[in-house]
Amino acid sequence: MEVNEKIAVDHGLKPDEYKKICDLLKRIPNITELGIFSAMWNEHCSYKSSRLHLKKLNTKGKKVIQGPGENAGVIDIGDDDAIVFKIESHNHPSFIEPYQGAATGVGGIMRDVFTMGARPIANLNSIHFGSTQHKKTKNLLRGVVKGIGGYGNCIGVPTIAGQTCFDQSYNGNILVNAMTLGLVNKNKIFYSKAAGLNKPVIYVGSKTGRDGIHGASMASAIFDDKIEEKKPTVQVGDPFTEKLLLEACLELMSDKSIIAIQDMGAAGLTSSSIEMASKGNLGIELHLDKVPCREEKMTPYEIMLSESQERMLIVLENGKEDSAKKIFDKWNLDFAVIGQTTNSKNIELYFEKEKVANVPIKFLANEAPMYDRPWKKTKLPQKIKFSNNDFKKLKFNDVIKKMISHPNICSKQWIWEQYDHTVMGDTIQKPGGDAGVVRVHGTKKAIASSVDSSASYCHAHPFTGGKQVVCEAWRNLVSVGAEPIAITNCLNFGNPEKKENMGEFVECIDGINEASKYLNFPVVSGNVSFYNETKDKGIKPTPTIGGVGLIKDYKDLMTMRFKSKGNLVLIIGKTEGNLDQSIFANVILNEKKGPPPEINLFNEKNNGETILKIIKEKLALSVHDVSLGGIVIGALKMCIEGSKGIKFYKFKNLTNIYQYFFSEDQGRYIIEVDKNNLKKVESILKKNSVHFDLLGETTDKEIIINDEPTFTVDKVTEFYKGWLYKYMS
Amino acid sequence: MNSSVIIFPGSNCDRDMDVALKKFGFKNKMVWHDDDKLPKSDLIVLPGGFSYGDYLRCGSIAGKSKIIQSVINFANSGGLVLGICNGFQILTETGLLKGVLQQNKNIEFICKNIFVKINNIENKFFENIDKDVLELHIAHNEGNYFCTEDELKSLEDNNQIAAYYCGSDGKIDEKSNPNGAIKNIAGIFNEKKNILGMMPHPERMIDQSLSGEDGSIFFENLLKNLK
């Protein structure tokens, strides 16, 4: 078949991009070559709209072993131990087929981690759905949760934390972001850079099928006579095979056979082979007839573009083929030598003794387009002036009930009870805490991790929102007593060809970058998902941040549950009473405008470090950061987890009870302190110039506000835990 | 005491079980499914997980694996066999234990702490145990035990029901049944009481930093009984 501009456009390439391909090659590409170009030059693989801006990110730090650019980021946690981690999106497939989309998202990110030699030790996820009233939401939620669980539970990696949001901006585009952490010896990390000539290229794992040949890079011209095969299909996950692949790869990695290894994720064999060769500045030759195929008569085009799951490409040392094959035979996995590294610096493909593609690798990698897309700055919205009339008709108890059972605040137990969160026997903080925590097996250390996003803040003012979400991740780690080390980001945005969306992206990155630098909380890995748009309606900008921190002795883990009655409760950080963009303003007052809460990075850092000091000196009984819903929601969650009540003291400074209790001012924590330790805690806070107020004291069961009993903790627990079960039943 | 944990492709609680057994003083060996001989053992454990992907039916392929004949012979000669979660499913597939494990009633995977009431302590597993209600942990999609009326009657008549799901107070009722299991059954024995299959995971409850510590009581007691 002759390739022309129309076929190129059907592959998702722009006419000028097609022209550039022809100019680079000095000829018209054949269909296989076009497929390869389209896969390498699409947004997902080339980062063509984002690359320019991603370069700005703060990626360096003393504990960073590997920053962005590899399969995942790596940080040093001492004693030769390192943590490999990354977050990735699987949004589009999950909307089309929630179970398989979410499952393969989890499978893909775990492969990224064990490709580097690390055993996965924890999974997290951040999922966003449309309005709870939208007809698709329930089924999507059910399917996604089952998919995440189906994959992670089977592999036997605990899902230790996550985040779920509902907002109508996701009605037509749900978000499924999956994160994995793995543990590796820092001297035994595997990379994707090939080295050496005539080294065997090995294919291992599942067989290649026609699944996942990407819709965007699929030419309508190709399958004209076979209409059924034209349907783009979502990849189908097989967690059992992945479990075998994990064990087999880790077994092979225990000796020195592997030069480079890369999982076949997006764009399958194409991107994995090209990436390894490109990083090693080598050529690569593949014999596609040798690729194990699950379907008959697959063409070179299909083999190169298939996104069948659970496959790896390995460049092996010469002479290690037999011993490597033995391992894969043991685990019943396919193992095939399909090619070798060459000095041609080209990718050369053979099929049935014919050369079917020959393209210089630099055209595919280095010459991929990079765009400086036009973007628009978002102005800081005017502050909303709330009048006392706005609050007059409100009844405090009704407000509490509505807030604590709100879909974005209520307990997500219905979700995380479907995830195995205890397998591997090291989960010491299960889901529902500020961060999930797992012990580093066989040591005193523990790793804390959380995922966060704040789309409403990012929508109102992307720069502030970007900063806020990094701070939120930092605070969640601090709250469990972990020293925050680094982050991974999943940047979910609308259409980058629209200057508003592009502006949101650019400014969120600037915000992320500023906070990341100030907090010394570098970005070590991540992923960009653009075009989250349906019928012209884009999602709210949703950068998701996954944070990772270290607890040196797991026995020092801090939790949010109130421990006993009669203790003092302090609010750390200043309460200004800003309601703009708070969930209270949105849900109770129906006010969706205004700027997000301001971020003061100095206070953020100072407050967090001071909290860590208080935890270290064993002066705090419980700690929780204040986020959505403000002080009341924060304190009530501590009550619910500890099955205790609280008597709030009368507040002094602000005139309005709603502003005081529901403002989402940043950089704040609630801590529980033994009365006898108050002086010591006060002295640390004062010494570090940290603002604090006495908030109240813990009680047996009653929740008392303004000297009046409201609910008991049992009642509030019912509101908090009941909503999602009721919604899903 | 010597124990052996069988690893099937897809097992994922094998390491957890190994850690637990060693913690309480067993000398444990791991045995690969493709072997045909068992090392000298006082206890064989079939661990949790998704053996062979749980394709076809949970535990069914493992029930036909190479090593399983040795396990059956070991059990038939009176050896102690413990199957946890997927291990329980495998034991029912081999016919060593009666009944089947169906999908949970709510058709969802369930991972949480539960309580079980030990029903029969006249056996090596529970003899001398000083607590009759244990807080353990479940993590399964197919833990809904079912058997025919006749089978149930014979289980009851022979005192083969090992443990029931119950409340923290030991009360056995519908509220405390997490998965719809018939009569709240969480675990059963064979007639001779040398084979125990149960859905809850004691190996995940062996340290106060974890979800709980009642698993320790189970393992400590088991070791004592074997000495």
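This is a short talk on a two-chain model, going through its interface, its core and the sheet in chain B.

Okay, so first, a reminder that we're looking at a predicted model. It scores ipTM 0.96 and pTM 0.94. For chain B the mean pLDDT is 95, with 100% of its residues at 70 or more.

Let's start where the chains meet. On one side we have 22 residues of chain A, and they are in contact with 21 residues of chain B. Which elements of chain A each supply at least two residues to that side? Those are helix 8, residues 137-155, helix 9, residues 239-253, and strand 14, residues 427-429. Helix 8 of chain A gives the most, with four residues. As for the chemistry on the chain A side, you get 10 nonpolar residues, nine polar and three charged.

Now, staying in chain A, have a look at helix 3, residues 31-41. This one is mostly covered, with 11 of its 11 residues buried. The buried residues include Glu33(A) as well as Leu34(A), Phe37(A) and Trp41(A).

Further along the chain there's Ile633(A), which sits in helix 22, residues 630-642. Is Ile633(A) buried or exposed? It counts as buried, because it has 23 C-beta neighbours inside 10 Å. Leaving out residues up to four places away in sequence, Ile633(A) touches Met403(A), Ile404(A), Ile409(A) and Leu628(A). And if you want to place it relative to Val144(A), the two are 489 residues apart in sequence and 27 Å apart in space, C-alpha to C-alpha.

On to the core. The largest nonpolar core has 297 residues, and the members touching the most others are Val470(A) and Val116(B). Take Val116(B): again skipping residues up to four places away in sequence, its contacts include Leu134(B), Leu136(B), Tyr164(B), Cys166(B) and Pro200(B). As a general point, nonpolar side chains tend to be buried together in soluble globular proteins.

Last bit, the sheet in chain B. Nine strands form an open sheet, in the order 2-1-3-4-11-10-9-6-7, with mixed pairing. Strand 2, residues 27-32, and strand 7, residues 133-140, are at the edges; each has a single partner strand, so one side of each has no neighbour in the sheet. From one strand to the next, the twist averages 25°.

At the strand 2 end, strand 1, residues 2-7, pairs with strand 2 in the parallel sense over six bridges. Within that, Ile6(B) stands opposite Val31(B). Then there's helix 5 of chain B, residues 214-226, lying across strand 3 and strand 7 and running at about 110° to strand 7.

That's my tour, thanks.

How values were computed
Residues are numbered from 1 along each chain as its sequence is written. Chains are lettered from A and ligands numbered from 1 in the order in which they are written. This is a predicted model: local features need pLDDT of at least 70, side-chain atom pairs count only at pLDDT 80 or more; totals for chains, interfaces and linings use all residues. Two residues are in contact if their C-beta atoms, placed from the backbone, lie within 7 Å. Ala, Val, Leu, Ile, Met, Phe, Trp, Tyr, Cys and Pro count as nonpolar, Asp, Glu, Lys and Arg as charged, and the others, Gly among them, as polar. A residue is buried if 20 or more other C-beta atoms lie within 10 Å of its own, exposed if 12 or fewer, and partly exposed in between; C-beta atoms are placed from the backbone. A nonpolar core is a set of buried Ala, Val, Leu, Ile, Met, Phe, Trp, Tyr and Cys residues joined through C-beta atoms within 7 Å. pLDDT is the predictor's confidence in each residue, from 0 to 100. Two strands pair if DSSP finds at least two bridges between them. Axes are lines fitted to C-alpha atoms, for helices over the stretch in contact, and angles run from 0 to 180 degrees between N-to-C directions.
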